[in-house]
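Open the model in your viewer and keep the selection panel at hand. Each stop below gives a selection and then what is found there.

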Amino acid sequence: MLDLFRSRTGFILILLALVFIGIALRATGNMGLVQDATFGVFAPVQTILIDASNGVTNLFGGFQEVNELRAQVKQLQERLNTAVIDSVRVRELEIENSELRAQLEYKQENPDYLLSGATVLQENDNRARVLSQDPSALVNYITIDQGRAENVAVGMPVITPAGLVGRVTEVGEHWARVLLLNDTTSSVNAVVQSTRATGVVQGQGQGSELLIMRYLPLGDSVKEDDLILTSGIGGAFPKRLVIGQVIQVRQRDTDLFTEAIIRPSVDLSRLEFVLVMKKFTPTDITTEPTPTAAPSPTPTPAATIAP
Amino acid sequence: MSPYLVLPLLFVITLIQTTLLPIFLPGPVRPDLMLMVVVGWGVVHGEGQAALWGLAGGLMLDLFSGAPFGLHALSLGAIGWVADTLQTNFFRSNLLVPLATIFIATLLYHIGQAAVLQLLGYTINWAFYIFNVVLPTAILNTALMPFVYWILRRLDRVVRPRLTW
């Protein structure tokens with residue numbers, strides 16, 4: 001047996017055995033103990049490295065990104081102007097809405113009306129630190145430093161204040177793996193804010209930061225600059241979390257559906273801290289009215305011929 | 001080279017590749033440090049060690065990856081084995097050998113992994129992936145290889161007299 005450890009062939013056989021044991025453990029969902037031990041060793045070192053690198057980045061990063069930042073400032077200024085106009089309009093609508101509700105003695109019974117994220121942000125101040133990113137460009141996962149011990153569970157949505165990041169797919173004692181929105185296996189039920197048309201947002205993977213929204217109804221269901229939110233259908237994500245903004249609409253005469261290319265509201269390649277939504281009320285799809293596509297112009301009723 | 005030296009080295013490389021590089025180089029195009037070290041060690045040292053480094057380093061990367069387990073270990077092990085073979089067949093002091101090897105190895109590594117993932121049901125946009133990720137990464141790896149190769153040659157001079165693994 002000792003010879004096995006001393007020879008190169010022995011080591012190769014041992015390593016291959018470990019690979020196949022790992023494949024079996026991952027397939028049967030029993031990889032947790034191995035990864036708990038791994039992250040137990042790696043996580044403290046990773047935390048130190050990240051803190052140290054942040055210092056270096058702050059020192060040198062500024063010089064490299066001056067031009068990029070100038071362009072971003074200009075772009076952000078334009079967006080801020082638009083946002084100010086929008087916020088004024090939204091405020092007006094809120095006042096109008098509130099008055100109408102009062103007039104109709106409308107009682108708000110559904111506590112889920114508000115963004116669930118707001119509640120979660122209040123309840124969970126502990127931000128999860130992103131420990132590592134997937135070494136492969138083909139799959140898009142991150143590892144965070146919160147796990148079972150912090151009440152993180154598989155399926156929980158992960159967000160930043162800017163919007164949706166992804167969802168937890170694997171949990172260890174003090175770590176969790178998060179599937180990002182831009183992975184090809186990610187799929188989120190979504191709604192176009194302006195038209196209420198629903199579709200499915202999927203990742204394009206292979207290093208692309210952009211998302212694609214599929215199965216949108218033909219017609220004017222979506223246009224450029226539209227905001228895309230989670231629809232809540234299926235219960236995996238709460239309603240009205242921001243996913244991103246439409247940058248291109250694809251629609252051909254032969255297609256059954258419209259597709260939209262979406263830029264995520266969160267920069268998924270530069271994540272440092274995220275929030276895990278540990279508590280939200282899933283949408284009850286049995287009571288939820290079926291979302292419809294953009295209201296099409298009412299067709300003129302055919303003239304009735306009097307008998 | 002003793003496993004007591006190799007494993008901490010691979011541990012550090014794994015940390016750099018999964019933790020530090022994404023901070024400094026966000027986006028899909030990043031140097032494949034583990035691949036460069038495995039290929040470089042195969043060309044510099046050979047003797048079947050690069051295959052071992054590839055398997056062990058790949059195992060560590062697999063622990064950090066959401067991809068099917070074994071994808072990195074088996075692909076890096078296979079590439080390490082090929083790099084070991086090159087050392088016995090080519091004149092290793094020629095710098096063109098590691099440069100050409102890492103360029104081809106990067107293409108094989110990424111395209112091989114994509115092919116395996118497609119067989120497992122993943123959707124791969126081949127044209128986008130090859131032109132936006134694989135080729136830029138291959139060029140980046142090739143550009144950085146002389147630096148890695150220089151370090152590995154120095155390491156080889158240190159460890160060669162008391163080779164145990």
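The tour goes from chain A to the interface, then to the helix packing in chain B.

Before selecting anything, note that this is a predicted model, in which local features need pLDDT of at least 70 and side-chain atom pairs count only at pLDDT 80 or more, while totals for chains, interfaces and linings use all residues. Residues are numbered from 1 along each chain as its sequence is written, and chains are lettered from A and ligands numbered from 1 in the order in which they are written.

**Chain A.** Select chain A and colour by secondary structure: five helices and 12 strands appear. Helices (H or I, at least four residues) and strands (E, at least two) are DSSP runs, numbered from the N terminus. Of the 307 residues in this chain, 34% are buried. A residue is buried if 20 or more other C-beta atoms lie within 10 Å of its own, exposed if 12 or fewer, and partly exposed in between, with C-beta atoms placed from the backbone.

**Core.** Which residues touch the most other members of the largest nonpolar core? Select A:Val165, A:Val178, A:Ile243, A:Val274 and B:Val38; the core has 95 residues. Such a core is a set of buried Ala, Val, Leu, Ile, Met, Phe, Trp, Tyr and Cys residues joined through C-beta atoms within 7 Å. Now centre on A:Ile243. Beyond its neighbours within four places in sequence, A:Ile243 has contacts that include A:Leu164, A:Val188, A:Ile228 and A:Pro264. Two residues are in contact if their C-beta atoms, placed from the backbone, lie within 7 Å.

**Positive phi.** Select A:Tyr215, in strand S8 (residues 211-216) of chain A. Its phi is near 65 degrees, a positive value in a residue other than glycine. A:Tyr215 is partly exposed because 16 other C-beta atoms lie within 10 Å. Next take A:Asp225, in the loop between S8 and strand S9 (227-230) of chain A. Phi of A:Asp225 is near 75 degrees, also positive in a residue other than glycine. A:Asp225 has 9 C-beta neighbours inside 10 Å, so this residue counts as exposed.

**Interface.** Move to A:Ser269, in the loop between strand S11 (258-264) and strand S12 (273-276) of chain A. Leaving out residues up to four places away in sequence, A:Ser269 touches A:Glu209, B:Pro26 and B:Gly27. Widen the selection to the whole contact, which takes 41 residues from chain B and 41 residues from chain A. On the chain B side, helices H1 (3-24), H3 (49-63), H4 (71-89), H5 (96-119) and H6 (126-159) each give two or more residues. That side divides into 27 nonpolar, 13 polar and one charged. Here Ala, Val, Leu, Ile, Met, Phe, Trp, Tyr, Cys and Pro count as nonpolar, Asp, Glu, Lys and Arg as charged, and the others, Gly among them, as polar.

**Helix packing in chain B.** Select helix H2 (residues 33-44) and H5 of chain B, which pack at about 135 degrees with axes 10 Å apart. Axes are lines fitted to C-alpha atoms, for helices over the stretch in contact, and angles run from 0 to 180 degrees between N-to-C directions. In H2(B), B:Leu35 and B:Val39 are among the residues that meet H5(B). The residues of this contact divide into nine nonpolar, three polar and no charged. Finally, add H6(B): the axes of H5(B) and H6(B) come within 8 Å and cross at roughly 145 degrees. Their contact has 13 nonpolar, five polar and no charged residues.
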